[in-house]
Amino acid sequence: MTPPSAAFEEEEDMFASGNKRNPWVPAGAFLTAGVLAAGLYAFKKGNTQRSQQLMRARVVAQGVTIAIMAASVGAGGFSLKG
């Protein structure tokens, strides 16, 4: 049985290598989160039109991030080690 610390190190290595293979996925995730935060801030300030625009932009950013992930998997950029 693998000690818990070794399993954690393997997960860190997997995360680091995934970012090196396709750095656009974390960038898309941060962009999505940033647009979401800006939309929520606009909503809090009462600017509903701007909030609606930002929420639509969030959906687009999220869709692009998912498309990048799917393309990465389709191109063989992701493999499960058994």
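Two stretches, residues 24-43 and 59-80, carry the annotation "transmembrane region" in the unreviewed UniProt entry. In the predicted model examined here, the stretch 24-43 is 100% helix and 0% strand, with 28 Å between its end C-alpha atoms. The protein as a whole contains 3 helices and 0 strands, and its elements follow the order α-α-α from the N terminus on.

Some overall figures help to set the scene. Of the 82 residues, 15% count as buried. The accessible surface comes to about 6,500 Å², and carbon and sulfur atoms contribute 66% of that area. Among contacts with a separation of 6 or more, 45% join residues 24 or more positions apart.

Helix 2 spans residues 24-44. Its 21 residues should cover 30 Å at 1.5 Å a residue, and the 30 Å between its end C-alpha atoms agrees with this. The buried residues of helix 2 are Gly28, Thr32, Val35, Gly39 and Ala42. Viewed down the helix axis, these buried residues fall within an arc of 95°, so they line one face of helix 2. The spacing has a friendly textbook background: an α-helix has 3.6 residues a turn, so residues three or four places apart point the same way. The other side of helix 2 presents Phe30, Leu40, Tyr41 and Lys44, which are exposed. Just after this helix, Gly46 adopts a positive phi of about 95°.

Helix 3 takes up residues 48-74. With 27 residues, helix 3 reaches 39 Å from its first C-alpha to its last, close to the 39 Å expected at 1.5 Å a residue. Buried positions in helix 3 are Ser51, Leu54, Met55, Ala61, Thr65 and Ser72. Just after helix 3 comes another glycine with a positive phi, Gly76, at about 85°.

How do the two helices relate to each other? The cover over the buried residues of helix 2 includes helix 3, and, in turn, the cover over the buried residues of helix 3 includes helix 2. Ser51 offers a good place to look at this arrangement in the structure. This serine lies in helix 3 and counts as buried because its relative accessibility is 7%, where buried means under 20%. Leaving aside residues up to four places away in sequence, Ser51 touches Gly39, Ala42 and Phe43. Of these partners, Gly39 and Ala42 are themselves among the buried residues of helix 2.

Terms used. Residues are numbered from 1 along each chain as its sequence is written. This is a predicted model: local features need pLDDT of at least 70, side-chain atom pairs count only at pLDDT 80 or more; totals for chains, interfaces and linings use all residues. Side-chain values use heavy atoms; hydrogens and water are left out. UniProt positions are given in the numbering used here, feature names are shortened, and annotations may be inferred rather than shown by experiment. Helices (H or I, at least four residues) and strands (E, at least two) are DSSP runs, numbered from the N terminus. Buried means under 20% relative accessible area, exposed over 50%, partly exposed in between (1.4 Å probe, protein chains only). Contact means heavy atoms within 4.5 Å. Accessible areas come from the Shrake-Rupley method with a 1.4 Å probe; for residues, only the protein chains shown count as cover. The expected span of a helix is 1.5 Å times one less than its number of residues. The arc is that of the directions from the helix axis to the C-beta atoms.
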